[in-house]
Amino acid sequence: MMNNEEVIEELKKIVKQKGLKYTEQREIVLNILIHAKDHLTAEEVYNEIKSKYCDSNIGIATVYRALSFLEEVDLITSINFGTDGKKYESNAKSHHDHLICTKCGKIIEFLDDEIEKRQERIAKKNKFKITSHSMQLYGLCENCQ
């Protein structure tokens, strides 16, 4: 798990390696997600930028491009809601899995040591080396049941 400055430095390194120009817009989008308490849609990221970076001239199209780039280089991840779009979070957080309500879109993060250990045992039994994983369980939250 990286701290906030390390994540921004990683962004700078990736941009340089790809021969791209470093943009403040990407850093702002990444900062919003690093500090977000919840998973955010592109529109929510845009609204946060408008409220926290009043002087910035970042449009919604730039937010979408930045999110796409940041996901491509594995600094953020998304949960796809089909026609309802995606919600994003920073990869700087420690590992966790998700319970996702299919009615209201609520996302509950959890970590279960037994599930993690079982995945390792299954991988070992099958002579498989896990390099990463993502678990998303879909259903109805307490309020939507």
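Before we look at the pocket in this protein, sort its residues by class: Ala, Val, Leu, Ile, Met, Phe, Trp, Tyr, Cys and Pro count as nonpolar, Asp, Glu, Lys and Arg as charged, and the others, Gly among them, as polar. The model is predicted: local features need pLDDT of at least 70, side-chain atom pairs count only at pLDDT 80 or more, and totals for chains, interfaces and linings use all residues. Residues are numbered from 1 along each chain as its sequence is written, and side-chain values use heavy atoms, leaving out hydrogens and water.

**The pocket**

A pocket here is an open set of points on a 1 Å grid over the protein atoms alone, where a 1.4 Å probe fits and protein lies on both sides within 12 Å along at least five of seven lines; lining residues have an atom within 4 Å of a point. The largest one holds about 430 Å³ of space, a volume filled by probe spheres set on points joined across faces, edges and corners. Its lining has 19 residues, with Thr77, Asn91, His95, His96 and His133 nearest the centre. By class, three are nonpolar, 12 polar and four charged. Strand E1 gives the most to this lining, with three residues.

**Strands**

Strands (E, at least two residues) and helices (H or I, at least four) are DSSP runs, numbered from the N terminus. Two strands pair if DSSP finds at least two bridges between them. Here are two such pairs:

| Pair | Bridges | Direction | Opposite residues |
|---|---|---|---|
| E1 and E2 | five | antiparallel | Ile79 and Lys87 |
| E3 and E5 | four | parallel | Leu99 and Leu137 |

In the hairpin of E1 and E2, five residues lie between the strands, and Gly82 takes a positive phi near 60°. Elsewhere, three strands form an open sheet with mixed pairing, in the order E4-E3-E5. Strands E4 (107-110) and E5 (136-139) stand at the edges with a single partner strand each, so one side of each is left without a neighbour in the sheet.

**Two crossing helices**

How do H2 and H4 cross? The axes of helix H2 (residues 24-35) and helix H4 (residues 60-72) come within 9 Å and cross at roughly 75°; axes are lines fitted to C-alpha atoms over the stretch in contact, and angles run from 0 to 180 degrees between N-to-C directions. That makes H2 roughly perpendicular to H4, a label for angles of 65 to 115 degrees. Residues in contact (heavy atoms within 4.5 Å) include Val29 and Leu33 of H2 and Ala66 and Phe69 of H4. By class, this contact has eight nonpolar, two polar and one charged residues.

Terms used. Parallel < 35°, antiparallel > 145°, perpendicular 65-115°, else oblique.
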